[in-house]
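Here are some short notes to read beside the model. Please keep the sequence and the 3D view open while going through them.

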Amino acid sequence: MKKLTIILITLVVFSAAFFAWALFSSIKQESPAEQNTAVENLPAVISSLEAKTSDEGEVKITVQPENLAGNDATWNFNILLDTHSAELVEDMTLVSALIGDDGAKYAPIGWEGDPPGGHHRGGVLKFKAVTPPLSSITLTIRDVGDVKERKFTWQLKGQ
């Protein structure tokens with residue numbers, strides 16, 4: 001009985017070791033030179049755009065862009081809405097638009113976040129990635145907190 005237990009334990013240990021070896025050997029390890037080349041070949045990534053805030057009217061809105069890279073499928077904007085006097089019932093996909101420096105207007109493709117209602121909402125407003133590259137973008141949000149239109153503008157070139 002002891003021999004059988006030892007054989008089973010040995011078999012399990014060798015199987016686990018083989019599985020770990022097979023798993024880790026399939027992961028390509030890049031040298032520092034390869035990593036630098038990969039970074040240099042990426043399209044311009046705009047990852048450090050600052051958050052912008054509008055506190056007009058009864059609702060404070062803060063917007064932080066993210067994922068505005070040439071190789072991303074979507075451009076995402078983190079949005080926080082905060083108020084103590086109004087109910088936040090707007091459908092963010094209907095009151096928002098992205099406007100390029102060429103005047104083209106882009107509708108959002110989705111909202112992932114808090115549903116309408118309450119005094120505090122947050123989420124991610126998503127747009128299909130814009131190509132060709134733009135030099136600036138403006139996110140507009142209309143009719144939130146008795147403010148006709150709010151504009152949040154970022155310069156993209158030279159970031």
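1. In which strand is the place of Ser 136? Ser 136 lies in strand β10. Keep in mind that this is a predicted model.

2. Is Ser 136 buried or exposed? Its relative accessibility is 13%, so Ser 136 counts as buried; the cut-off for buried is under 20%. Leaving aside residues up to four places away in sequence, Ser 136 touches Ile 99, Gly 100, Asp 101, Trp 154, Gln 155 and Leu 156.

3. Strand β10 (136–144) is also one of the elements that each supply at least two residues to the largest nonpolar core. The others are β3 (60–66), β5, α3 (92–95), β9 and β11 (147–155). This core has 26 residues, and those with the most contacts inside it are Trp 75, Phe 77, Ile 79, Leu 139 and Ile 141. In soluble globular proteins, nonpolar side chains tend to be buried together.

4. What does Ile 141 touch, not counting residues up to four places away in sequence? Its contacts are Ile 61, Val 63, Ile 79, Met 92, Val 95, Ser 96, Lys 148, Glu 149, Arg 150 and Phe 152.

5. Now the sheet. Five strands make up an open sheet with antiparallel pairing, in the order β2-β3-β5-β9-β8. At its edges are β2 (52–54) and β8 (110–113), each paired on one side only. On average, neighbouring strands of this sheet are turned by 25° against each other, direction ignored.

6. Within the sheet, β5 (residues 74–82) pairs with β9 (residues 120–128) in the antiparallel sense, over nine bridges. Phe 77 stands opposite Leu 125 in β9. Phe 77 is also among the core residues with the most contacts.

Methods:
Residues numbered from 1 in each chain as written. Predicted model: local features only at pLDDT ≥ 70, side-chain atom pairs only at ≥ 80, totals over all residues. Heavy atoms only, no water. Pairing = 2+ DSSP bridges. Helix = DSSP H or I, 4+ residues; strand = E, 2+ residues; numbered from the N terminus. Axes fitted to C-alpha atoms, helices over the stretch in contact; angles between N-to-C directions. Core = buried A, V, L, I, M, F, W, Y, C linked by side-chain atoms within 4.5 Å. Buried < 20%, exposed > 50% of the residue type's maximum accessible area, 1.4 Å probe, protein only. Contact = heavy atoms within 4.5 Å.
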